[in-house]
Amino acid sequence: SSEGKKKVNDGYHCGEWELSDPLWSGQMDVVLDSSEWKMWLKLHGGNDDLLFVTTERVNLFETIVRRRWSDAQLLHRYYQRVVDSSRYFVVTLKSEETFQRAPLGIGFRNREQARDFTAAIQDAIKRARRAFAPDSPTERIQTKRRNEQSMSPAMRMPSE
(Lines give C-alpha, C1' and ligand atoms only; values in the text may rest on other atoms or scores of the structure.)
Protein backbone atom coordinates (compact mmCIF):
# COMPACT_ATOMS: atom_id res chain seq x y z
CA SER A 1 0.00 0.00 0.00
CA SER A 2 1.19 3.54 -0.65
CA GLU A 3 -0.56 4.88 2.46
CA GLY A 4 1.68 7.42 4.19
CA LYS A 5 4.62 6.42 2.01
CA LYS A 6 7.28 9.09 1.54
CA LYS A 7 7.88 9.99 -2.06
CA VAL A 8 11.34 11.12 -3.19
CA ASN A 9 11.59 14.92 -2.93
CA ASP A 10 7.89 15.06 -2.12
CA GLY A 11 7.40 14.38 1.62
CA TYR A 12 4.54 12.75 3.49
CA HIS A 13 0.87 13.25 2.59
CA CYS A 14 -1.68 13.03 5.43
CA GLY A 15 -4.44 12.75 2.83
CA GLU A 16 -3.29 9.16 2.35
CA TRP A 17 -3.74 8.27 6.04
CA GLU A 18 -6.90 6.89 7.68
CA LEU A 19 -7.66 10.11 9.56
CA SER A 20 -11.22 9.15 10.50
CA ASP A 21 -9.92 6.33 12.74
CA PRO A 22 -6.82 7.54 14.64
CA LEU A 23 -4.60 4.95 16.27
CA TRP A 24 -4.48 7.09 19.43
CA SER A 25 -5.45 10.49 20.79
CA GLY A 26 -4.43 12.22 24.00
CA GLN A 27 -1.83 14.68 25.32
CA MET A 28 1.64 15.40 24.02
CA ASP A 29 4.48 16.98 25.97
CA VAL A 30 7.46 18.68 24.35
CA VAL A 31 10.27 17.78 26.75
CA LEU A 32 13.59 19.64 26.95
CA ASP A 33 16.05 18.08 29.37
CA SER A 34 18.66 20.82 29.79
CA SER A 35 20.94 18.61 31.90
CA GLU A 36 21.77 16.63 28.73
CA TRP A 37 20.29 19.07 26.17
CA LYS A 38 18.00 16.49 24.66
CA MET A 39 14.51 17.13 23.37
CA TRP A 40 11.72 14.65 22.69
CA LEU A 41 7.97 14.21 22.68
CA LYS A 42 5.96 12.18 25.19
CA LEU A 43 2.55 11.04 23.99
CA HIS A 44 0.22 9.94 26.75
CA GLY A 45 -3.33 10.14 27.95
CA GLY A 46 -6.39 9.03 26.14
CA ASN A 47 -8.68 7.23 28.54
CA ASP A 48 -6.01 5.99 30.96
CA ASP A 49 -3.34 8.78 30.99
CA LEU A 50 -0.60 6.16 30.57
CA LEU A 51 2.47 6.80 28.45
CA PHE A 52 1.77 5.71 24.87
CA VAL A 53 5.14 6.37 23.22
CA THR A 54 8.11 8.71 23.24
CA THR A 55 9.86 9.96 20.13
CA GLU A 56 13.53 9.80 19.31
CA ARG A 57 15.58 11.97 21.66
CA VAL A 58 17.24 14.78 19.72
CA ASN A 59 20.71 15.63 20.99
CA LEU A 60 20.62 19.41 20.60
CA PHE A 61 24.30 19.87 21.43
CA GLU A 62 25.28 17.43 18.68
CA THR A 63 22.95 18.91 16.07
CA ILE A 64 23.42 22.61 16.89
CA VAL A 65 27.07 22.85 17.93
CA ARG A 66 28.84 19.98 16.20
CA ARG A 67 26.79 19.61 13.03
CA ARG A 68 25.79 23.30 12.92
CA TRP A 69 22.26 22.50 11.77
CA SER A 70 19.85 25.36 11.23
CA ASP A 71 16.46 25.42 12.96
CA ALA A 72 14.87 24.46 9.63
CA GLN A 73 17.16 21.42 9.31
CA LEU A 74 16.32 20.32 12.86
CA LEU A 75 12.58 20.74 12.31
CA HIS A 76 12.67 18.95 8.96
CA ARG A 77 14.70 16.00 10.29
CA TYR A 78 12.79 15.36 13.52
CA TYR A 79 9.41 17.13 13.22
CA GLN A 80 8.57 17.17 9.53
CA ARG A 81 5.44 18.98 8.36
CA VAL A 82 3.42 16.98 5.81
CA VAL A 83 3.03 18.36 2.29
CA ASP A 84 -0.76 18.68 2.20
CA SER A 85 -1.67 20.19 5.61
CA SER A 86 -0.36 22.64 8.19
CA ARG A 87 -1.89 20.56 11.02
CA TYR A 88 -0.04 17.26 10.48
CA PHE A 89 3.55 16.23 11.08
CA VAL A 90 5.71 13.13 10.94
CA VAL A 91 7.95 12.45 13.93
CA THR A 92 10.49 9.67 14.40
CA LEU A 93 10.22 6.84 16.89
CA LYS A 94 13.43 5.01 17.77
CA SER A 95 13.72 1.74 19.67
CA GLU A 96 16.23 2.00 22.51
CA GLU A 97 16.84 -1.75 22.20
CA THR A 98 17.19 -2.29 18.44
CA PHE A 99 17.88 1.33 17.39
CA GLN A 100 15.38 0.90 14.56
CA ARG A 101 13.50 4.01 13.48
CA ALA A 102 9.89 4.35 12.37
CA PRO A 103 7.91 7.38 11.22
CA LEU A 104 4.76 8.35 13.13
CA GLY A 105 2.15 10.73 11.79
CA ILE A 106 0.55 13.12 14.26
CA GLY A 107 -2.18 15.63 13.65
CA PHE A 108 -3.91 18.42 15.50
CA ARG A 109 -7.59 19.26 15.40
CA ASN A 110 -6.95 22.92 14.58
CA ARG A 111 -4.19 25.11 13.18
CA GLU A 112 -3.68 26.97 16.46
CA GLN A 113 -2.67 23.73 18.21
CA ALA A 114 -0.31 22.92 15.34
CA ARG A 115 1.26 26.40 15.62
CA ASP A 116 1.63 25.93 19.41
CA PHE A 117 3.42 22.61 18.76
CA THR A 118 5.84 24.23 16.30
CA ALA A 119 6.38 27.18 18.67
CA ALA A 120 7.19 24.84 21.59
CA ILE A 121 9.79 23.02 19.48
CA GLN A 122 11.28 26.31 18.26
CA ASP A 123 11.36 27.67 21.82
CA ALA A 124 13.31 24.64 23.03
CA ILE A 125 15.79 25.01 20.16
CA LYS A 126 16.23 28.74 20.93
CA ARG A 127 16.85 28.00 24.61
CA ALA A 128 19.54 25.51 23.64
CA ARG A 129 21.13 27.92 21.15
CA ARG A 130 21.30 30.63 23.85
CA ALA A 131 22.91 28.18 26.28
CA PHE A 132 25.49 27.12 23.68
CA ALA A 133 26.44 30.71 22.84
CA PRO A 134 30.11 31.50 23.64
CA ASP A 135 29.16 34.10 26.28
CA SER A 136 26.68 31.83 28.07
CA PRO A 137 27.43 31.07 31.75
CA THR A 138 28.22 27.37 32.35
CA GLU A 139 25.69 27.04 35.17
CA ARG A 140 22.95 27.70 32.65
CA ILE A 141 23.94 24.60 30.70
CA GLN A 142 23.98 22.51 33.86
CA THR A 143 20.46 23.33 35.03
CA LYS A 144 18.03 20.42 35.30
CA ARG A 145 14.61 21.49 34.10
CA ARG A 146 12.03 20.09 31.81
CA ASN A 147 9.81 22.29 29.72
CA GLU A 148 6.65 20.30 29.08
CA GLN A 149 3.85 21.60 26.91
CA SER A 150 0.68 19.63 26.29
CA MET A 151 -1.08 19.31 22.96
CA SER A 152 -3.95 17.09 21.83
CA PRO A 153 -2.98 15.32 18.63
CA ALA A 154 -4.81 12.64 16.77
CA MET A 155 -2.21 10.47 15.09
CA ARG A 156 -1.67 7.81 12.52
CA MET A 157 1.41 5.69 11.78
CA PRO A 158 2.49 6.08 8.16
CA SER A 159 3.31 2.73 6.63
CA GLU A 160 6.67 2.20 4.97
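Here are some exercises with worked solutions on a predicted model.

**Exercise 1. Get your bearings: work out how many helices and strands the protein chain has, and in which pattern they follow.**

Start with the count: the protein chain has four helices and 10 strands. Next, walk along the sequence and write down each element as it turns up, which gives β-β-β-β-β-α-α-β-β-β-α-α-β-β. Finally, add burial to the picture: of the 160 residues in the protein chain, 42% are buried.

**Exercise 2. Take the rings of phenylalanine 61 and phenylalanine 132 and decide what kind of pair they make.**

A reminder before we begin: two numbers describe a pair of aromatic rings, the distance of the centres and the angle of the planes. The structure holds 10 aromatic pairs. For phenylalanine 61 and phenylalanine 132, the centres are 5.3 Å apart and the planes are at 85 degrees, so this pair is edge-to-face. The cut-off used here is an angle over 60 degrees.

Now place the two partners. Phenylalanine 61 belongs to helix α1 (residues 60–66) and phenylalanine 132 to helix α3 (residues 111–132), so the pair ties together parts that are 71 residues apart in sequence. Last step, burial: phenylalanine 61 has 33% relative accessibility and counts as partly exposed, while phenylalanine 132, at 16%, counts as buried.

**Exercise 3. Do the same for tryptophan 69 and tyrosine 78, then find the cluster that ring pairs build around them.**

Here the ring centres are 6.2 Å apart and the planes stand at 40 degrees, so the pair is tilted. Both tryptophan 69 and tyrosine 78 are buried. Follow the ring pairs onward and you get a cluster of Trp69, Tyr78, Tyr79, Phe89, Phe108 and Phe117.

**Exercise 4. Find the rings that arginine 57 and arginine 77 sit over.**

Arginine 57 goes with tryptophan 40: it lies over the face of the ring, 3.7 Å from the ring centre. Arginine 77 has its charged end over the ring of tyrosine 78, at 4.7 Å from the centre. Tyrosine 78 also has tryptophan 69 as a ring partner, in the tilted pair.

**Exercise 5. Describe the hairpin of β2 and β3, and pick out the residue with a positive phi.**

Begin with the strand. In β2 (residues 27–33), six of the seven residues are buried, so the strand is largely enclosed by the rest of the structure. Then look across: β2 and β3 (residues 38–45) run antiparallel and are joined by seven bridges. To check the register, note that methionine 28 stands opposite leucine 43 in β3.

Four residues lie between the strands, and tryptophan 37 takes a positive phi near 55 degrees. That's worth a second look, as most residues other than glycine have a negative phi. Tryptophan 37 is also buried, with a relative accessible area of 6%.

For a contrast, try arginine 68, whose phi is also positive, near 55 degrees. Arginine 68 lies in the loop between α1 and α2 and is exposed, with a relative accessible area of 68%.

**Exercise 6. Repeat the hairpin analysis for β7 and β8.**

β7 (88–94) and β8 (101–108) run antiparallel, with seven bridges between them. Phenylalanine 89 stands opposite isoleucine 106 in β8. Six of the eight residues of β8 are buried, so this strand is largely enclosed by the rest of the structure. Between the strands of the hairpin there are six residues, and phenylalanine 99 takes a positive phi near 65 degrees.

**Exercise 7. Characterise the largest pocket: give its volume, its lining and the elements that supply the lining.**

First the volume, about 190 Å³. Then the lining: of 11 residues, Tyr12, Arg77, Gln80, Val90 and Thr92 are the closest to the centre. Sort the lining by class and you get five nonpolar, three polar and three charged residues. As for the elements, α2 (71–78), β7 and β8 each supply at least two residues.

**Exercise 8. Locate serine 85 and say how far it is from arginine 111, in sequence and in space.**

Serine 85 is in the loop between β6 (79–81) and β7. At 16% relative accessibility, serine 85 counts as buried. Its separation from arginine 111 is 26 residues in sequence and 9.4 Å in space, taken C-alpha to C-alpha.

Methods: Residues are numbered from 1 along each chain as its sequence is written. This is a predicted model: local features need pLDDT of at least 70, side-chain atom pairs count only at pLDDT 80 or more; totals for chains, interfaces and linings use all residues. Side-chain values use heavy atoms; hydrogens and water are left out. Rings of Phe, Tyr and Trp (its six-membered ring) pair if their centres lie within 6.5 Å; planes under 30 degrees apart count as stacked, over 60 as edge-to-face and the rest as tilted. Buried means under 20% relative accessible area, exposed over 50%, partly exposed in between (1.4 Å probe, protein chains only). A charge sits over a ring if NZ of Lys or CZ of Arg is within 6 Å of the ring centre and within 35 degrees of the ring normal. Two strands pair if DSSP finds at least two bridges between them. On a 1 Å grid over the protein atoms alone, a cavity is a set of points where a 1.4 Å probe fits but cannot get out, and a pocket is an open set with protein on both sides within 12 Å along at least five of seven lines; lining residues have an atom within 4 Å of a point. Grid points are joined across faces, edges and corners, and a volume is the space filled by probe spheres set on the points. Ala, Val, Leu, Ile, Met, Phe, Trp, Tyr, Cys and Pro count as nonpolar, Asp, Glu, Lys and Arg as charged, and the others, Gly among them, as polar.
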